[in-house]
Structure formats: structure tokens, C-alpha cells
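User: I would like a close look at a single part of this model, with its surroundings described in some detail.

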Amino acid sequence: MNTTVLYSQAGIATQIVISVEEDYFIVDAGDGTLRDLLHEKIDLRKIKGIFLTHGHYDHIAGLYALLGYFRIIERKYPINIYFPKGCKEAQQIIFAFKESYNDFSFKIQTHEVKGGDEVKIEDLKVKIYQMRHYAAVGVNRILHSDLAVGYRFIYGGESVAISGDTGICSGLRNLVEGADLALIDSTLNKDEETDELLEKLHLSKEKAEEIGKLAKKYILIHRQCK
Ligand SMILES: [Zn+2]
């Protein structure tokens, strides 16, 4: 199992690709995902599944382009799209694509998931964990709880945990604990870190490192542009 962070910047885009034998799985599809996949010379026909952690634009804005590209290359195999149960943004993007075209040659199979669920794709197992992520306009204006999940990919005795955006919660600890590799949200700068933001919005670099140590190895993602 190989994990590549194609791109990850808070408020811009996050896209990660996991390869398992001949298959590819995308985790989050922010703006530029198509460009980044083509740049890496990844055969888009071999993408089996797209896993979205939540519906915020920096994780989902590239989904429509992927579907459009699949249509242009006349993809034949179904594409499986996983997203948190009730995630409106994912539902609406897929709906808009389906409503716009009746000439695409692949099936879109959607799977709404929640913490505790488990997905089996041949020998790959994906466990879903509930995260805690609020919508906020301006870093201090917390609005309401949004649906967010983390994914743990398990294949051939190896595991990779991907948090998506999250505050510190029990789901995050369980997701990361014992993983071979963990990719963890580390958005907040030291000067913006408050207990409420750490609990409801994002981790800071320091907190992400603390949680990361629960895994064998970790990478901090979703940093802010300097
Ligand atoms: Zn984000």
C-alpha cells in the first residue's frame, strides 16, 4: 500500500492517493485533483474509489472534474464514491453531474458512511471513524457541527489512517492508534489555538504531533499557507 499526498493546504485543497496493487483510491478531491493525478501519470481508469472526509470545498471541489474526465475518456468501470451520511455537498455535485449528462458510460455508486462502518473492496478493508468538525467562517466564528469522518485503510497487515479535518475527539484517537502511518490535520497556528477551536475545528501542529505519536509514523497535513 502506497500513500501519496498530492496536495494539502487548509482552505485551498487536499487530495491524497492510496495505491493497492493495481488499484488507486482517492481520499478527498479538492480543487486540482485531476491536474495532480495527471501530473503523477496515474491512469484514471484504475481509480476504484473516491473517499470524501467531509463536504467543505477544499476537500470536494475537484469531484465534478473527475466525473467529467471519466466521461470524456469513456470510462467503463463503475466508480464508487464514499462520503459521510447526509453530506449535502457530495450529494449535490453527483446529482448535478447525473442531471447534466445522459451519455456517460460508467456507473456512479454512492455509499453514505458513518463511524463504525466498514467497507470491503476485495482484500482492502476501510474502517470509518466519526470525526468532529464544525463549519466556521473566519477562524473564530464557529457555526454548526458538520458531518465528517476519517478513514483507516487496511491491506496486507498494513494500515494507513487519514483524519480529514477534525478537532480532538475519541474517534480521532481510535482512528490513529496503532496505524503504520497517520495523516493528520494540523491547521491551527499557535496564536489561534483555543480549547474550543481545538475541540471543534482543527488540530494545531503540536496537538497533531501528540496524536500522531499514537501511530508508528505520521505526516502533518492541511497546514495553512504562510
Ligand atoms: Zn479543510
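Which residues of helix α3 (residues 63–72) are buried?

Analyst: This is a predicted model, and what follows should be read with that in mind. The buried residues of helix α3 are Leu63, Leu66, Leu67 and Phe70. Around the helix axis these residues cover an arc of only 95 degrees, which puts them on the same side of α3. That buried set packs against β3 (23–29), α1, β4, α2 (57–60), β5 and α4, a list that includes both strands and helices. After α3 comes Glu74, whose phi is positive, near 55 degrees. Most residues other than glycine have a negative phi.

The strands that α3 packs against, β3, β4 and β5, belong to an open sheet of six strands, ordered β1-β2-β3-β4-β5-β6, in which the pairing is mixed. The edges of this sheet are taken by β1 (2–9) and β6 (108–113), each of which has a single partner strand, so one side of each is left without a neighbour in the sheet. From one strand to the next, the twist averages 15 degrees.

Within that sheet, strand β4 (residues 47–51) and strand β5 (residues 79–84) run parallel and are joined by three bridges; Ile50 stands opposite Ile81 in β5. On to the next pair, β5 and β6 also run parallel, and six bridges join them, with Asn80 having Gln109 in β6 as its bridge partner. The connection between these two strands involves helix α4 (residues 88–100), one of the elements against which the buried residues of α3 pack, and β5, α4 and β6 together make a right-handed β-α-β unit.

Another of the packing partners of α3 is α1, and the loop between α1 (33–39) and β4 holds Lys41. Phi of Lys41 is near 60 degrees, a positive value in a residue other than glycine. As for its surroundings, Lys41 has 6 other C-beta atoms within 10 Å, and because a residue with 12 or fewer such neighbours is classed as exposed, Lys41 counts as exposed.

A further positive phi, again near 60 degrees, is found at His222, a residue other than glycine, which is placed in the segment after β14 (218–221). His222 has 28 C-beta neighbours inside 10 Å and therefore counts as buried, whereas Lys41 is exposed.

Terms used
Residues are numbered from 1 along each chain as its sequence is written. This is a predicted model: local features need pLDDT of at least 70, side-chain atom pairs count only at pLDDT 80 or more; totals for chains, interfaces and linings use all residues. Two strands pair if DSSP finds at least two bridges between them. Helices (H or I, at least four residues) and strands (E, at least two) are DSSP runs, numbered from the N terminus. Axes are lines fitted to C-alpha atoms, for helices over the stretch in contact, and angles run from 0 to 180 degrees between N-to-C directions. A residue is buried if 20 or more other C-beta atoms lie within 10 Å of its own, exposed if 12 or fewer, and partly exposed in between; C-beta atoms are placed from the backbone. A crossover is right-handed if, with the strands pointing away from the viewer, the path from the first strand over the helix to the second runs clockwise. The arc is that of the directions from the helix axis to the C-beta atoms. Two residues are in contact if their C-beta atoms, placed from the backbone, lie within 7 Å.
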